[in-house]
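Q: Please examine one part of this structure closely, namely a sheet and the elements that pack on it. A formal, connected account for a newcomer would be appreciated.

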Amino acid sequence: MNQQAIKIEGMSCASCVGRVERVLAAVPGVDKVSVNLATEMARVESAGPVDFAALAQAVDKAGYQASLPPPEPGTAPAANASAAPADGVAPARRGLVATITPSGGLAVLLAALFSLPLVLPMLLELAGVHWMLDGRVQWLLATPVQFWLGARFYRAGWLAARARSGNMDLLVALGTSAAYGLSVYQLLSAGAMPHLYFEASAVVITLVLLGKWLEARAKRQTAQAIRALQTLRPESARVRRGGQDVDVAIGEVRVDDVIVVRPGERIAADGVVTEGASHVDEALITGESLPVARHAGERVTGGAINGEGLLLVRVSAVGAESTLSRIIRLVEDAQAAKAPVQHLVDRVSAVFVPVVLVLALLTFGGWWLVGGDAEQAIINAVAVLVIACPCALGLATPAAIMAGTGVAARHGILIKDAEALELAHRITTVAFDKTGTLTEGQPSLAVLAPAPQVDEARLLQLAAAVQRGSEHALARAVQQAAARTVLAPGAAPLLASDISALPGRGVAATVAGTRLLLGSTRLMQEQGISLQALSARAEELERSGHTISWLADADAHQLLGLLAFGDRIKPQARAAIAALHAMHIHTVLLTGDNQGSADAVGKELGVQRIVANMLPADKAAAIAALKQDGATIAMVGDGINDAPALAAADVGIAMSSGTDVAMHAAGITLMRGDPALVAAAISISRRSYSKIRQNLFWAFIYNLIGIPLAAFGLLNPMVAGGAMALSSVSVISNALLLRRWKPENAS
């Protein structure tokens, strides 16, 4: 599935979002479209490549401008990026529009300067001073506000009407034009002191411009997390080539280059330390507040700050494949996606503007027929048009999602999509894998127990041969133990052939002509190998929390011995489980380890339910069974064997210290192996969903209260304009309160 991000300019409300989605979805080859008002981005999914020129043309016809976001450093621009103008608008037209109409703060300032003299008589009236501007002067002040500074509303409103749709701009253009037109009519046809409404039309436009300016500033704050991550990208790197250190642009750095990182500098790219030792500050990447020690052979992440030592780093990933780029992409994807609750808002927005137009006509007709006062009927209809604002509806959900995912990323919690953020607030049960999730995941070989007639050194040598080349944590422990064993003079390590992994059970291999099996109790039982000779010893070790593996001769069906591994519980694990219980969340331990080891860890941490001896498929089945009981399940894991369960859960939570497979299957990734971040992820989800509900309440309540008040003549158009502007700003400001959130228990 191909995905393409497109920058959309000119959207003003939820109705605009719906129109852009419809025109993009109609382009041949496009399968799915999601448009976000807060980020002003569209995400287009298609089975094959879709020409950007066709997408830009469709957006342009709908009255908006499309452009491609800039490519990431070290990556080539899209092949079809030049197929259309950068924003889908002819350069001459784009330049003319920008020249004629000021924007941003300047437009607000000019509109305020023109409008203030029009409002001044009303302000003086409150102080008992009766003074009125000449009608012709009012017309001279209101006209540039209406047709110059307010040109954007006419332009966007006309394009919406031409596309047989409606938006906020159309409502503002119709409402202010009615007030302005009535005032011109009164000025031309009435007596010496006509009742004019130039101040209403000018002030409404000024307030709406002010609201849009404040809204734009607030939206930039919601995207602060993305900008903070982007600033971590160094512009250059010091590369060692031919014995010389050369400064090159970051786009010229290649995999396997050796970069030199001096104290205090940012690490230019992901890699492995080949020489040197230092402490590295990864706070903005993982949320870890303290610098972490890095030595030769350990990985470092591009964007982190080097501490006191000089490091030589061999580059392992650049450009779009770097950790920082993937983090930014994940956050951007989450902020661009729609939460399920947004689909209700989209359905409301699709009919919002037509309904408001009908209500305005009914208001005009009702006042005219009942009171016979066309002037009052027009003003009340104008108030209805102006108070109705689909802006706040369009911003309510994406603003909260942007703020929530942004602050979560700053604390090391990457939320892949909006659905995961929304679902996580409903989690009632969290299931944990054991090794690498609640324990350190770095087991050591604690006990070697050979069967009778088997030498201990021979047992270790055979086990090391079977495990050679494996990246499993237990295999590494065997290899490390074997490396410390002194072989007899002239002896060489044994080599294995025909190695085959047995998922969830162990591994088989041929060593010195003998077929060996190394794995779990389940594997031995399935192969009919008796464990009686060492069963008592195994039970004793399991009760003390050790993980047991057995080595057997498959050809002779003979047990050769057992290997017992010890793994330390993570220091934060107990507090993590306690935090979940305090949130009234049930905890479960699902592990492929033996029952004794699982019980030892689970009981020490206070886990409420413990299930051991599970294959990967068993974990997924256990998750499905829990879901059938009506629970909303989160699965936390870090290994390949956890991927089925992560995918089966309502919300998968992966440790970034684990495998890429686990992270791809999960909706949430924890950037450091701290289980306390699980409770933190649920906490930010709850806070974000609360903000979504609050925002939707305010967005709807403005209209539910404001429109009837305007229709019954209880709302002045200027007050309506101020309320409309305030609605969008209040929704975003409420979402920005999420930036204060901090995890309570994470280290």
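A: In this predicted model, helix α16, formed by residues 456–467, lies across the strands β16, β17, β18, β19 (514–519), β20 and β21. The direction of helix α16 makes an angle of about 125° with that of β16. Helix α19, residues 535–543, also packs on the sheet, where it touches β16, β20 and β21. Relative to β20, the direction of helix α19 is turned by about 155°.

The sheet beneath these contacts may now be described strand by strand. It is an open sheet of six strands, arranged in the order β16-β21-β20-β19-β18-β17, and the pairing is antiparallel. The edges are occupied by β16 and β17 (496–502); each has a single partner strand, so one side of each is left without a neighbour in the sheet. From one strand to the next, the twist averages 20°.

At the edge formed by β16, this strand (residues 444–450) runs antiparallel to β21 and is joined to it by six bridges. Within this pairing, Leu-448 stands opposite Leu-563 of β21. At the other edge, β17 is joined by five bridges to β18 (residues 506–511), again in antiparallel fashion. Here Ser-497 has Thr-510 in β18 as its bridge partner.

Strand β21 deserves particular attention. In addition to its bridges with β16, it is joined by seven bridges to β20 (residues 547–553), and these two strands run antiparallel. Asp-553 stands opposite Gln-558 in β21. Strands β20 and β21 form a hairpin with four residues between them, and His-557 in the turn has a positive phi of about 50°. Strand β21 comprises residues 558–566, and seven of its nine residues are buried, meaning that they have under 20% relative accessible area; the strand is therefore largely enclosed by the rest of the structure. In a regular strand, the side chains alternate between the two faces of the sheet.

A further topic is the empty space enclosed by the model. Six cavities of 30 Å³ or more are counted, and the largest has a volume of about 210 Å³. This largest cavity is lined by 20 residues, of which Arg-233, Ile-250, Ala-268, Gly-319 and Ser-322 are the closest to its centre. The lining of the largest cavity consists of eleven nonpolar, seven polar and two charged residues.

Notes:
Residues are numbered from 1 along each chain as its sequence is written. This is a predicted model: local features need pLDDT of at least 70, side-chain atom pairs count only at pLDDT 80 or more; totals for chains, interfaces and linings use all residues. Side-chain values use heavy atoms; hydrogens and water are left out. Buried means under 20% relative accessible area, exposed over 50%, partly exposed in between (1.4 Å probe, protein chains only). Two strands pair if DSSP finds at least two bridges between them. On a 1 Å grid over the protein atoms alone, a cavity is a set of points where a 1.4 Å probe fits but cannot get out, and a pocket is an open set with protein on both sides within 12 Å along at least five of seven lines; lining residues have an atom within 4 Å of a point. Grid points are joined across faces, edges and corners, and a volume is the space filled by probe spheres set on the points. Ala, Val, Leu, Ile, Met, Phe, Trp, Tyr, Cys and Pro count as nonpolar, Asp, Glu, Lys and Arg as charged, and the others, Gly among them, as polar. Axes are lines fitted to C-alpha atoms, for helices over the stretch in contact, and angles run from 0 to 180 degrees between N-to-C directions. Contact means heavy atoms within 4.5 Å.
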